[in-house]
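Student: I'm new to this structure and would like a close look at a single part. Could you walk me through it?

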Amino acid sequence: MNYDIDLIRSYFPILKNEVYNKPLVYFDSAASAQKPVQVLMKEEELHNDYYGNIHRGAHFMADKATLGYEEVREKVGAFINANSTNEVIFTKGTTESINLVASSFGEKFFKGGDEIIVSEMEHHANIVPWQLVAARKGARIVKWPFNDDGTLSLGMLEELLSNKTKLVAVAHVSNVLGTVNPVKEIIGIAHKKNIPVLVDGAQAAPHIPIDVQDLDADFYTFSAHKMYGPNGVGVLYGKEKWLNEIPPYQGGGEMISEVSFEGTTFNELPYKFEAGTPHITGVIAFGCAIDLVNEIGLKNLTEWEHSLMEYATTRLLEIDGMKIYGEAPQKSGVVSFNIEGVHSYDLGALIDKMGVAVRTGHLCADTVMTHYNIPGCVRISFGMYNTLAEIDAFISALNKVRMMLQETP
Ligand SMILES: Cc1ncc(COP(=O)(O)O)c(C=O)c1O
């Protein structure tokens with residue numbers, strides 16, 4: 001594999017920082033990834049050189065910003081192999097993308113007695129929006145449980161699907177277990193019964209290649225900030241036939257065609273779902289993050305991060321009392337664990353003082369915690385810039401913390 005880690009790290013100025021006088025080891029990219037200079041410079045360039053509001057411009061600045069914004073829509077479309085840029089909606093993030101679908105699709109298609117199948121390994125962002133719309137419509141959420149090893153059973157999905165099912169919501173990659181779910185097969189099973197599927201791709205888009213046409217996904221969501229882009233930008237991919245059928249999510253400027261007090265007509269896709277001024281600089285800078293990911297190549301990224309995940313797992317398993325959550329054969333660069341007798345919060349707080357940034361707690365996935373009957377856990381997650389040497393540094397910090405905590409009565 002041709003992977004120039006030194007060059008890649010040089011793109012991320014923050015990695016040179018020290019925290020508490022220790023070199024930063026950033027193992028929290030699943031929460032939010034760090035930003036490369038390409039993205040930082042683009043935001044600055046835009047503000048310095050051609051900032052203006054988009055799609056309504058009668059001047060040079062606005063036109064140039066509009067062009068930049070729409071170019072990124074094309075880039076995103078190509079990145080996920082959408083059939084058309086009409087299918088690429090910019091949102092604030094995965095959470096807003098899922099809320100949009102739950103609200104608009106639910107408004108149009110859900111009714112009393114309907115069922116929405118949601119996997120047990122979902123982030124709260126792929127559970128709560130469905131609960132909200134289900135409560136409004138008198139529909140019901142059906143839990144699709146996962147096996148203890150962190151895999152989903154396709155046979156169980158077949159059993160759960162019924163003529164009441166209106167949609168299946170599932171993560172491409174679990175943010176706790178790291179499981180890469182077989183979404184193509186899942187979609188195939190649901191489609192046999194004409195049931196659409198929303199795939200939450202927040203933890204997949206930065207790490208594995210995505211082809212929404214090959215998957216035949218009805219909806220696919222992800223966030224720019226987890227893939228080295230700015231925060232406050234997300235993507236909703238939706239098949240054009242659905243986006244045409246469902247009502248707008250929010251009303252305001254941009255999403256309309258004509259407005260009068262007698263009634264309003266809506267703009268065409270994708271603008272129908274982009275009310276108000278979007279995160280113009282964020283979207284345009286996101287284009288640079290996509291360029292970087294493409295330049296390195298998702299295949300290389302997958303391989304690199306997989307080797308980090310495997311090495312970290314091996315090293316963690318050397319520790320007495322180690323319990324890792326998620327042992328699926330197909331895993332992405334996320335490892336969640338607990339050590340017997342050590343509270344995850346204490347571990348996180350102490351290891352932070354040694355320069356290592358990890359995530360602790362319920363990881364916005366209470367249903368996963370409930371499955372294992374734990375209050376929380378520790379998660380390490382990798383980005384394109386992490387190294388095996390950082391894993392060694394983390395393990396040695398972890399051993400120190402563990403001894404301190406296990407010695408404390
Ligand atoms: C699987 C998954 N879905 C959804 C989200 C929510 O993403 P955002 O906060 O960017 O909207 C996250 C964030 O961690 C996630 O990991």
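Student: Let's take the ligand: how many residues surround the ligand, and which are the closest?

Tutor: Happy to help! This is a predicted model, in which local features need pLDDT of at least 70 and side-chain atom pairs count only at pLDDT 80 or more, while totals for chains, interfaces and linings use all residues. Residues are numbered from 1 along each chain as its sequence is written, and side-chain values use heavy atoms, with hydrogens and water left out.

Around the ligand there are 13 residues, and the closest are Thr95, Asp200, Gln203, Ser223 and Lys226; a residue is near a molecule if one of its heavy atoms lies within 4 Å of it. Sorted by class, this shell holds 8 polar, 3 nonpolar and 2 charged residues. Here Ala, Val, Leu, Ile, Met, Phe, Trp, Tyr, Cys and Pro count as nonpolar, Asp, Glu, Lys and Arg as charged, and the others, Gly among them, as polar.

Now for some atom pairs. Asp200 places a side-chain N or O atom 2.5 Å from a nitrogen atom of the ligand. On Lys226, a side-chain N or O atom is 2.5 Å from an oxygen atom of the ligand. His123 also takes part, with a polar side-chain atom 3.4 Å from a ligand oxygen atom. The ligand taken alone exposes 390 Å², and the protein buries 87% of that (accessible areas come from the Shrake-Rupley method with a 1.4 Å probe).

Methods:
Polar contact = N/O pair within 3.5 Å; in protein donor to acceptor, adjacent residues only side chain to side chain.
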